[in-house]
Amino acid sequence: MRKVCAWCQKELGPGGSQLDAYDAPITHGICYDCLKKVMSFLAEPVRDYLDRFPGPVFLVNSEARIITANREGFNVLGKKPEEVEGQLGGDALDCEYAGLPGGCGNTVHCKTCTIRKTINNTFQSGRSNIRVAAYPDLHHMTGENRVRFLISTEKVGDAVLLRIDEISEESRPEQI
């Protein structure tokens, strides 16, 4: 599947399939240059644009820092924009491991962080990821329950849109 910008028809990289032929089915997105043009034409701040998306949406840079989010994104974190923007994802999410020496992205636990790995995969490959199950370690806030996110990512220019499609709490499995 080919992925092209719906505005300028520029190739956006693989659309999630191994088919590279030009007769392959096409899916559409928007390239970063067109996004900037559309945003300037609308004279609308990015945060307002993100508010049009359903569910919590975060715009993340290549260092895994949150550029901004939509209103639902800030609400899910229970934080104001100034408490989130510029923060590493684990810090904004209050991941237990972000508080360890080394901080977010630099502990042994970060190597298996599904959210971080999914964002990095989208940055490196340009491929979108849809409804990936992620279990951030938030039991210090939820007690015995663990939180499950279903996340989706899409690359937009030099950033990745991270959407939380679903949030649920599950009981932790019995320890044997």
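Trainee: Where do I start with this one, and how many helices and strands are in the chain?

Mentor: Start with an inventory of the elements. The chain has 7 helices and 8 strands. Keep in mind that this is a predicted model.

Trainee: What share of the chain is buried?

Mentor: Of the 176 residues, 37% are buried. For the outside, look at the exposed surface: about 10,300 Å², with carbon and sulfur atoms supplying 51% of it.

Trainee: And how do I read the contacts along the chain?

Mentor: Sort them by separation in sequence. Taking contacts between residues at least 6 apart, 39% join residues at least 24 apart. One pair to look at is Cys-5 and Cys-31: they sit 26 residues apart along the chain, yet their C-alpha atoms are separated by 5.5 Å. Cys-5 belongs to strand β1, and its relative accessible area is 0%, so it counts as buried.

Trainee: Next, the inside. Which residues have the most contacts within the largest nonpolar core?

Mentor: A core is read as a set of buried nonpolar residues whose side chains touch. The largest one here has 19 residues, and Phe-58, Ile-115, Ile-119, Phe-149, Ile-151 and Leu-162 have the most contacts inside it. Several elements supply at least two residues each: strands β4, β5, β7 and β8, plus helices α3, α5 and α6. A separate core has 7 residues, including Tyr-49, Leu-59, Val-156 and Ala-159.

Trainee: Suppose I click on Ile-119. Which residues is it in contact with, leaving aside neighbours within four places in sequence?

Mentor: You'd find Val-60, Thr-153, Val-160 and Leu-162.

Trainee: β4 keeps turning up. Which of its residues are buried on each side?

Mentor: With a strand, check both faces in turn. In β4, Val-57 and Leu-59 are buried on one side, while Phe-58 and Val-60 are buried on the other, leaving both faces covered.

Trainee: In what sense do β4 and β5 pair, and over how many bridges?

Mentor: The pairing is antiparallel, over 3 bridges. Phe-58 has Ala-69 of β5 as its bridge partner. The two strands make a hairpin with 5 residues between them, and in the turn Ala-64 has a positive phi of about 70 degrees.

Trainee: Thr-68 is in β5 too. Is it buried or exposed?

Mentor: Buried, because its relative accessible area is 6%, under the 20% cut-off. For a polar residue, look next at what its side chain meets. The Thr-68 side chain makes a polar contact of 2.6 Å with the side chain of Glu-85 and another, of 3.3 Å, with that of Arg-47. Beyond its sequence neighbours within four places, Thr-68 is in contact with Val-46, Arg-47, Leu-50, Phe-58, Leu-59, Phe-74 and Glu-85.

Trainee: Back to the cysteines. How many disulfides does the structure hold?

Mentor: The count is 0. The thing to check is the distance between sulfurs. For Cys-104, the nearest cysteine sulfur is that of Cys-110, 5.5 Å away. Cys-104 itself is buried, at 11% relative accessible area.

Trainee: Why is Cys-113 not bonded to Cys-95?

Mentor: Because their sulfurs are 6.4 Å apart, too far for a bond, even though Cys-95 holds the closest cysteine sulfur to Cys-113. The cut-off for a disulfide is 2.5 Å. As for its surroundings, Cys-113 is partly exposed, with a relative accessible area of 30%.

Technical notes
Residues numbered from 1 in each chain as written. Predicted model: local features only at pLDDT ≥ 70, side-chain atom pairs only at ≥ 80, totals over all residues. Heavy atoms only, no water. Core = buried A, V, L, I, M, F, W, Y, C linked by side-chain atoms within 4.5 Å. Buried < 20%, exposed > 50% of the residue type's maximum accessible area, 1.4 Å probe, protein only. Helix = DSSP H or I, 4+ residues; strand = E, 2+ residues; numbered from the N terminus. Contact = heavy atoms within 4.5 Å. Pairing = 2+ DSSP bridges. Areas by Shrake-Rupley, 256 points an atom, 1.4 Å probe, with all protein chains shown as cover. Polar contact = N/O pair within 3.5 Å; in protein donor to acceptor, adjacent residues only side chain to side chain.
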